[in-house]
Number of protein chains: 2
Amino acid sequence: MEGKILLRYIFFLFFTVLLILFSISTLPSPPSNTAEEVVDTYKNRIQSRKTVLLKKPTNPTRRRRHSADVPRHPLDPLTITELNKVQKIIQRHYYSLNKDYALHSVALEEPEKKVVLAWNKGDPLPPRKAAVVARASGASHVLTVDLQGSGEVTRHETGHLSGYPTMTVEDMTSATWAPLASADFNRTVVERGVDLADLACLPISTGWFGKSEEKRRLIKVQCYSLKDTANFYMRPIEGLTVLVDLDTKEVVQITDKGKNIPIPSAANTDYRFAAQNSYQRLLNPISIEQPKGPSFTIEDNHLVKWANWEFHLKPDPRAGVIISRAMVRDPGTGEMRNVMYKGLTSELFVPYMDPTDAWYFKTYMDAGEYGFGLQAMPLEPLNDCPRNAYYMDGVFAAADGTPYVRSNMVCVFESYGGDIGWRHSESPITGMEIREVRPKVTLVVRMAASVANYDYIVDWEFQTDGLIRIKVGLSGILMVKGTPYANMNQINNQENLYGTLLSENVIGVIHDHYITFYLDMDVDGSDNSFVKVNLQREYTSPGESPRMSYLKAVRNVAKTEKDAQIKLKLYDPSEFHVINPTKKTRVGNPVGYKVVPGGTAANLLDPNDPPQKRGAFTNNQIWVTPYNESEQWAGGLFAYQNHGEDTLQVWSNRDRAIENKDIVVWYTLGFHHIPCQEDFPIMPTVSSSFDLKPVNFFESNPILNIPPNFENELPNCKSDASA
Amino acid sequence: MEGKILLRYIFFLFFTVLLILFSISTLPSPPSNTAEEVVDTYKNRIQSRKTVLLKKPTNPTRRRRHSADVPRHPLDPLTITELNKVQKIIQRHYYSLNKDYALHSVALEEPEKKVVLAWNKGDPLPPRKAAVVARASGASHVLTVDLQGSGEVTRHETGHLSGYPTMTVEDMTSATWAPLASADFNRTVVERGVDLADLACLPISTGWFGKSEEKRRLIKVQCYSLKDTANFYMRPIEGLTVLVDLDTKEVVQITDKGKNIPIPSAANTDYRFAAQNSYQRLLNPISIEQPKGPSFTIEDNHLVKWANWEFHLKPDPRAGVIISRAMVRDPGTGEMRNVMYKGLTSELFVPYMDPTDAWYFKTYMDAGEYGFGLQAMPLEPLNDCPRNAYYMDGVFAAADGTPYVRSNMVCVFESYGGDIGWRHSESPITGMEIREVRPKVTLVVRMAASVANYDYIVDWEFQTDGLIRIKVGLSGILMVKGTPYANMNQINNQENLYGTLLSENVIGVIHDHYITFYLDMDVDGSDNSFVKVNLQREYTSPGESPRMSYLKAVRNVAKTEKDAQIKLKLYDPSEFHVINPTKKTRVGNPVGYKVVPGGTAANLLDPNDPPQKRGAFTNNQIWVTPYNESEQWAGGLFAYQNHGEDTLQVWSNRDRAIENKDIVVWYTLGFHHIPCQEDFPIMPTVSSSFDLKPVNFFESNPILNIPPNFENELPNCKSDASA
């Protein structure tokens with residue numbers, strides 16, 4: 001019997017890979033020689049896994065064909081044609097080395113910055129290259145593939161420090177089924193009362209905690225019961241952890257410390273609309289309407305032009321979204337002025353605050369370990385993004401190099417929620433009848449990454465006044481812990497739950513979220529300086545003034561990296577300006593943009609704690625480094641299981657000169673999250689943001705002369721789109 | 001000649017009062033015996049002062065008649081009928097005392113809290129009373145007027161500590177013209193090159209800096225040139241300060257220390273649409289549309305019902321907006337549950353950071369000195385608030401007790417900007433096809449106070465998930481300082497500008513904004529406790545875990561007020577819960593709401609600095625006091641020129657018990673503002689907010705079962721409203 005189950009699950013594994021392949025545009029031919037049993041299993045799983053949505057598909061966006069895509073801009077991502085070529089070249093390469101391999105990352109190797117800056121529309125594209133990270137024979141390789149002519153591998157590096165590349169999707173899915181090869185595991189699951197057919201398992205990055213975890217690519221797998229709910233996350237088989245070798249899929253160790261902990265009930269955990277017995281219709285329909293259509297255009301698939309902004313936008317398997325060459329129009333001269341060469345989500349760090357066996361290692365680095373873009377699922381039109389949104393697809397490569405399309409991965413839309421761009425009324429004091437108000441409309445670039453349970457909504461929001469707001473919303477499902485307790489009255493005060501009792505037998509474990517952004521600012525040119533404008537309390541001299549104290553702005557230019565390792569201080573506040581020291585406004589202020597902090601929760605783990613060594617890029621909220629092509633991923637290129645030798649902290653500690661240089665600013669948005677019952681079974685979105693804001697960049701308010709809304713220009717709407 | 005000018009300006013004063021009267025619904029009969037000259041002056045001033053808007057009036061909201069209003073709820077503001085009655089009773093009262101008087105505040109004296117809580121719709125209203133603050137014979141009086149029967153004054157108190165009542169609008173306008181009575185002043189103005197006809201003056205509260213300012217109600221007047229711009233704020237006659245006795249209108253002192261400082265140019269300062277030579281049309285029309293209308297109703301003029309929320313809303317001359325009896329529906333039981341008994345903007349404190357003669361005293365308390373509601377001007381439909389907004393009028397009393405209507409003072413609207421209420425997609429890891437997303441729609445209550453130059457946009461935003469966001473946007477016009485400098489290259493490094501050179505001869509002076517909110521939380525009942533949930537770093541014992549450190553939530557109930565004097569700490573973070581200690585969730589957590597800080601700029605002035613003694617309510621970001629009817633205005637009932645004996649700091653230092661009591665939470669939003677050129681000549685809005693958020697208040701996510709958007713329910717719009 002056990003042998004049969006094993007067999008079924010091997011087929012399962014097969015099915016899962018199949019399902020992933022299904023979602024890609026170039027479908028492989030179906031397997032030809034499978035037994036009827038497999039087909040049955042397959043069907044059953046389709047039934048149980050594939051959620052049938054009762055509602056009709058909403059606003060089906062046109063599925064774009066990408067086979068004919070060609071790159072038009074030096075920063076355009078690799079096309080399907082190029083990815084196919086990379087696949088062939090890599091195949092040839094490893095064939096010649098006589099090695100099996102898996103591709104962990106295939107992305108454009110961007111041309112040198114100066115080449116991109118010199119490029120103008122109409123110029124021939126600089127040579128197209130692919131940056132590839134591969135694993136072969138237990139080693140990680142960094143390759144450059146030159147796509148000119150017949151193509152070749154022009155760089156092949158190994159010998160990196162500790163750590164492994166981002167997992168492939170195939171790594172993750174195969175890891176979740178690996179434990180089923182263990183009879184011990186299967187027995188334990190059944191003993192815990194879970195039917196193996198109801199099992200859902202997650203691949204949990206191990207972090208790095210010491211020598212026993214060296215020289216082996218490891219992952220921990222924990223499992224849940226899918227019975228009676230799609231929200232298996234709320235039904236942990238607590239304390240059961242399977243250590244799996246990611247390369248061999250071998251089960252290295254099984255720990256089971258939760259035998260006394262019941263599987264929490266499925267009741268009230270399913271969040272799907274179709275699963276609700278009833279629903280609350282609280283509101284009449286409401287929508288952002290633009291009868292003349294949106295005000296932005298997207299040229300050549302990637303160049304977004306809106307109002308006074310222009311930038312290049314592309315999906316990325318690791319960062320999710322990359323904004324490049326962001327420029328804003330000067331209302332005085334009409335010229336497009338550089339603001340940011342490149343901005344992206346560099347790394348995430350999500351340490352859970354529970355040191356016990358099944359939890360201590362949960363210290364995720366979602367970009368470097370899982371691929372923030374790989375986890376960005378198709379957006380749901382009308383709900384993830386409003387009407388008139390434009391959807392952009394991601395084109396990525398599977399582990400074998402086959403390109404696939406992640407449709408609707410990013411959306412672009414204009415937002416208006418009733419906010420005010422600027423206003424002034426004259427008051428009763430002057431008696432002048434002035435009421436001038438301008439509404440605030442913004443452009444949002446959005447993606448939503450579902451890193452297993454959690455959903456991260458990342459918005460790049462552009463304002464006409466020159467401000468860029470970078471906002472992260474957290475939603476999705478908590479990572480919860482099973483407990484024997486059903487009520488707080490069973491718990492004595494001394495006991496540490498490591499979180500909040502959310503429901504019977506369910507604890508929401510306390511955790512932090514840190515999202516670190518890479519911001520290669522180029523304020524009116526590449527060479528910039530970082531200035532701390534400190535607000536200092538000054539005292540007046542006796543007799544000087546009836547006032548004793550006031551605040552004075554004192555400017556300090558950061559000379560080297562250590563001057564710009566910024567821990568925010570509420571009681572010793574500063575503004576943080578990125579200025580162009582060679583360019584001044586008409587009245588002589590250096591032109592600049594400032595980083596306006598928000599989401600300032602600070603990391604409080606001990607800096608010598610193993611996870612914090614790896615997450616050391618969160619030791620400061622702001623850092624500034626000199627531009628260096630190889631320093632883009634704050635937790636290291638190989639973040640998985642690394643020891644922390646390749647983090648932003650290490651780079652910054654070199655203390656290089658940063659004054660009047662091409663500099664990169666790093667900002668970390670932080671959240672402390674003590675879960676509460678409202679987060680069960682799915683969390684209302686919590687957001688934080690920080691801003692990049694012009695500071696003496698423009699000569700004056702750049703939206704002084706925009707018109708207000710007029711009644712006769714607004715839409716005329718009826719209540720039914722189908723009418 | 002001078003006498004003639006004086007005469008003209010006396011008429012001016014008259015005109016100004018007239019203009020104010022004009023804006024009220026019950027128009028007084030026009031003055032009958034004025035000379036032709038007055039009429040001419042009047043006409044001229046109308047021409048120059050009254051900005052003719054070239055655009056047609058947009059979406060003219062129906063002007064409501066208020067003469068027939070009757071109160072329907074114990075908290076309803078005084079009606080016109082009631083105000084008229086108050087006027088008569090007060091007239092009689094002071095006639096019997098044989099005294100002249102001016103009314104500085106007339107508002108409902110709210111019934112005792114327990115009476116309001118016991119009241120149900122349909123019950124007779126508790127006795128209606130008016131709380132009146134008057135000045136008579138140089139003294140301030142606090143009166144209660146009982147409106148039952150023929151009515152009478154039932155309380156008449158004097159003998160308060162230092163300080164004076166909020167200025168009347170008549171105080172402010174008359175002060176601005178008082179300097180014209182001084183030949184010295186007029187000569188100086190002309191010598192500075194400003195035609196007296198172009199003069200615009202502002203009444204600037206003096207603060208309190210010592211004995212010389214005692215026993216006399218004083219104000220400082222500073223003036224500007226209106227020539228060639230409506231934005232006179234950018235054209236200061238720098239250094240000219242006139243000290244005026246507010247009661248006698250006598251010029252006490254003229255200081256003129258700016259003779260070498262030119263009046264900055266008018267060029268590029270006018271922000272009015274009609275004054276632009278050209279305009280930038282950046283965007284296609286965009287609008288929030290609700291073809292079936294908004295989802296809220298307003299019962300009996302003041303009771304707002306929306307989605308799962310219900311609250312009482314009224315305009316107030318001092319606070320601006322008062323939200324009372326905010327209740328949210330429990331999705332499980334269907335009952336309306338109390339969240340907040342009363343919330344309002346208690347006080348503002350805006351210290352400028354310049355200790356020199358013409359600036360040191362600028363330490364405004366905009367609610368207590370100017371009346372935050374008195375300065376809240378009519379909102380501009382389609383621009384201040386989107387389509388489908390409901391506008392509420394304020395009904396206030398002039399200094400003589402005559403009621404007047406401030407139309408469209410508050411708006412209520414639903415906002416949807418494309419945000420997400422909650423979401424989850426299943427990731428490629430599990431292969432489940434789930435994409436569940438719910439859009440976020442909120443209800444916004446907005447007012448915008450124009451305290452002379454600055455505009456404060458105050459939003460109370462209600463979310464269906466139970467969160468209340470209180471947001472303050474700053475826009476309007478900077479208070480600027482004239483300077484001889486036209487370029488930074490003229491200034492040596494040692495010189496302190498106290499701000500930023502924004503344009504030739506214009507400095508934007510550094511300042512802070514603090515907005516302190518009164519939040520009488522009643523979480524499921526009046527008796528609540530305040531709990532600090534501190535996230536503390538814990539260390540594991542050797543061998544306990546591969547982890548060294550983690551964060552633990554430690555709960556501390558505040559016993560007395562000093563336990564709840566909270567200075568926020570980034571590196572020793574806490575959550576701040578208001579809980580009901582007698583009510584627990586199903587699994588035993590105390591039900592609560594938490595204060596989620598934002599806009600955390602801290603006041604850094606020396607606590608012994610005279611302005612900071614008065615603004616001592618900003619010494620902490622959070623305070624908690626036991627409910628006390630008389631403690632509502634954080635800077636004291638008589639904030640004007642007070643010495644700081646009646647502030648929140650003083651009350652809180654009594655250190656009263658606050659555990660399991662009816663408690664009031666105070667939160668201060670803070671902004672440091674170093675101006676930049678983008679703020680010239682009018683500032684793009686800068687916003688900050690804090691939240692009141694349910695924490696184990698609901699058993700689970702209260703919006704689990706709301707539906708997503710469906711295509712066929714959204715509006716069908718054409719591009720022209722006039723079509």
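## Exercises on salt bridges and chain symmetry

Asp419(B) has a relative accessibility of 28% and therefore counts as partly exposed, since buried means under 20% relative accessible area, exposed over 50%, and partly exposed in between (1.4 Å probe, protein chains only). The model is predicted, so local features need pLDDT of at least 70 and side-chain atom pairs count only at pLDDT 80 or more, while totals for chains, interfaces and linings use all residues. Residues are numbered from 1 along each chain as its sequence is written, chains are lettered from A and ligands numbered from 1 in the order in which they are written, and side-chain values use heavy atoms, with hydrogens and water left out.

**Exercise 1.** Find which residue of chain A forms a salt bridge with Asp419(B), and say where the two partners lie.

*Solution.* Begin with the pair itself: Arg446(A) is the partner, and its closest N atom is 3.5 Å from the closest O atom of Asp419(B), where a salt bridge is a side-chain nitrogen of Lys or Arg within 4 Å of a carboxyl oxygen of Asp or Glu. This pair crosses between chains, because Arg446(A) belongs to strand β20 (residues 442–451) of chain A, whereas Asp419(B) sits in the loop between β17 (403–415) and β18 (420–425) of chain B (strands are DSSP runs of E, at least two residues, and helices runs of H or I, at least four, numbered from the N terminus). Finally, consider accessibility: Arg446(A) is buried at 1%, but Asp419(B) is partly exposed.

**Exercise 2.** Describe the salt bridge between Arg281(A) and Glu713(B).

*Solution.* First, the closest N and O atoms of Arg281(A) and Glu713(B) are 3.4 Å apart. Next, Arg281(A) is located in the loop between β8 (251–256) and β9 (287–289) of chain A, and Glu713(B) in the loop between β33 (683–695) and β34 (716–718) of chain B, so that this pair, too, crosses between chains. Lastly, Arg281(A) is partly exposed at 42%, and Glu713(B) is partly exposed at 27%.

**Exercise 3.** Work out how the two chains are related, and through which surface they meet.

*Solution.* A turn of 180°, with a shift of 0.0 Å along the axis, lays chain A on chain B with an RMSD of 0.0 Å, the superposition being by least squares on the C-alpha atoms of residues with pLDDT of at least 70 in both. The copies are thus related as by a two-fold rotation axis. They meet through the same surface, because 100% of the interface residues of chain A are also interface residues in chain B (contact means heavy atoms within 4.5 Å).
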